[in-house]
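These are my notebook entries on what I looked up in the structure below. I begin with the strands and then turn to the helices, the loops and the cores.

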Amino acid sequence: MSLRVTTARLRALLLNLVAFLVVAGTATGCGPGDDRPRIVVTTNILGDITREIAGDEAEVSVLMQPNADPHSFGLSAVQAAELENADLVVHNGLGLEENVTRHVEAAREAGVATFAAGEAADPLTFHADEEGGPGDGAGAPDPHFWTDPDRVRKVAGLIADRIIEHVDGVDEKAVRDNAERYGGELAALSTWMEKSFAAIPEGRRALVTNHHVFGYLAERFGFRVIGAVIPSGTTLASPSSSDLRSLTRAMEKADVRTVFADSSQPTRLADVLRRELGGDVNVVPLYSESLTEKGEGAGTYLEMMRANTSAMTEGLTGD
């Protein structure tokens, strides 16, 4: 066998070996740059908040894709494995991630530290609609705490505590500094929202949405919740004809002609309500339960809340 042939074969073997090691390293998460501790977050809203707090101290992996519905998204086998290999799992809880809860519980049973943000945010409970009759799930905890930026500020501080407590190797000062900076941005957001909503007359501070998602915002900024097209805290429920009739009567009684529909969901149900009321209904899309891709209007939590505040203010003050 010639030296040229032997060298060629050795080169081929080496190339194959390198390719194998790269693929194996990628599959196991042990490649270059993957040696940082890992935090896994279920929803993209909490993912953005957690990234602001962790900064460069840990890798933050977010399971829920942009524009997804937190009530219905599920996990692949690889994502489920990520949860059990994390240093810390941050999830919303309170029944929001309905298809992910069992995976979070499995990770907890496997010894992974978990933090349920919603449970730490002084949760409200769903209540009977103020005008539209009892909603489904009245008395159950409301998971949508992020519509109140003051509660998010509290949760951000607690996420910092959990990172420092459970994620080995992080710089405590860096995490605390990140939390203080982001807390200041959240406080500024809350103040700006309050000033923006002040432009809405008291008589127009009434909310009708696709489903019950703005209870925290209503309590914080002084709105009345008239009702929802889906009288539930989840998009997985469906309205009955009597639900729609009840809501229609409530809207007519309260002289409300604006419905806020989740931008990540079809507006079919809101359109049905528009027909029920004779076509004179303004349907305003909001980013209520999911962030978008970057550059599409709600790439971060702060951007989402500012866009929603502007849309709500315009929707409730316009003629």
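Entry 1, strands. I looked first at the pairing of strand 3 with strand 4 (residues 113-116), and found that the two run parallel and are joined by four bridges; I count strands as paired if DSSP finds at least two bridges between them. Helices (H or I, at least four residues) and strands (E, at least two) are DSSP runs, which I number from the N terminus. Within this pair, H91 has A116 in strand 4 as its bridge partner. Strand 3 also pairs with strand 1 (residues 38-41), in the parallel sense and over three bridges, and there V40 stands opposite V89.

Entry 2, provenance. I note that the model is predicted, that local features need pLDDT of at least 70 and side-chain atom pairs count only at pLDDT 80 or more, while totals for chains, interfaces and linings use all residues. Residues are numbered from 1 along each chain as its sequence is written, and side-chain values use heavy atoms, with hydrogens and water left out.

Entry 3, the faces of strand 3. Are the two faces of strand 3 (residues 88-91) covered or uncovered? Both are covered, since L88 and V90 on one side are buried, as are V89 and H91 on the other; buried means under 20% relative accessible area, exposed over 50%, and partly exposed in between, with a 1.4 Å probe and protein chains only. In a regular strand the side chains alternate between the two faces of the sheet. I also recorded that strand 3, helix 4 (residues 101-109) and strand 4 make a right-handed β-α-β unit, where right-handed means that, with the strands pointing away from the viewer, the path from the first strand over the helix to the second runs clockwise.

Entry 4, two loop residues. L94, in the loop between strand 3 and helix 4, has a positive phi near 60° although it is not glycine, and L94 counts as buried because its relative accessibility is 18%. D122, in the loop between strand 4 and helix 5, likewise has a positive phi, near 50°, but D122 is partly exposed at 46%.

Entry 5, I159. This residue lies in helix 5 and is buried, with a relative accessible area of 0%. Beyond its neighbours within four places in sequence, I159 is in contact (heavy atoms within 4.5 Å) with I49, T50, I53, V90 and F115. The C-alpha atoms of I159 and T50 are 7.0 Å apart, although 109 residues separate them in sequence.

Entry 6, helix 6. I checked the length of helix 6 (residues 172-197): its 26 residues should span 38 Å at 1.5 Å a residue, and the end C-alpha atoms are 37 Å apart, which agrees; the expected span is 1.5 Å times one less than the number of residues. Its buried residues include V175, Y182, L186, L189 and F197. What covers the buried residues of helix 6 includes helix 2 (44-54), helix 5 (149-166), helix 7 (215-221) and helix 10 (301-317).

Entry 7, cores. A nonpolar core is a set of buried Ala, Val, Leu, Ile, Met, Phe, Trp, Tyr and Cys residues joined through side-chain atoms within 4.5 Å. The largest has 59 residues, and those with the most contacts inside it are I39, I163 and Y301. A second, separate core of 17 residues includes A206, L247, A250 and M251.
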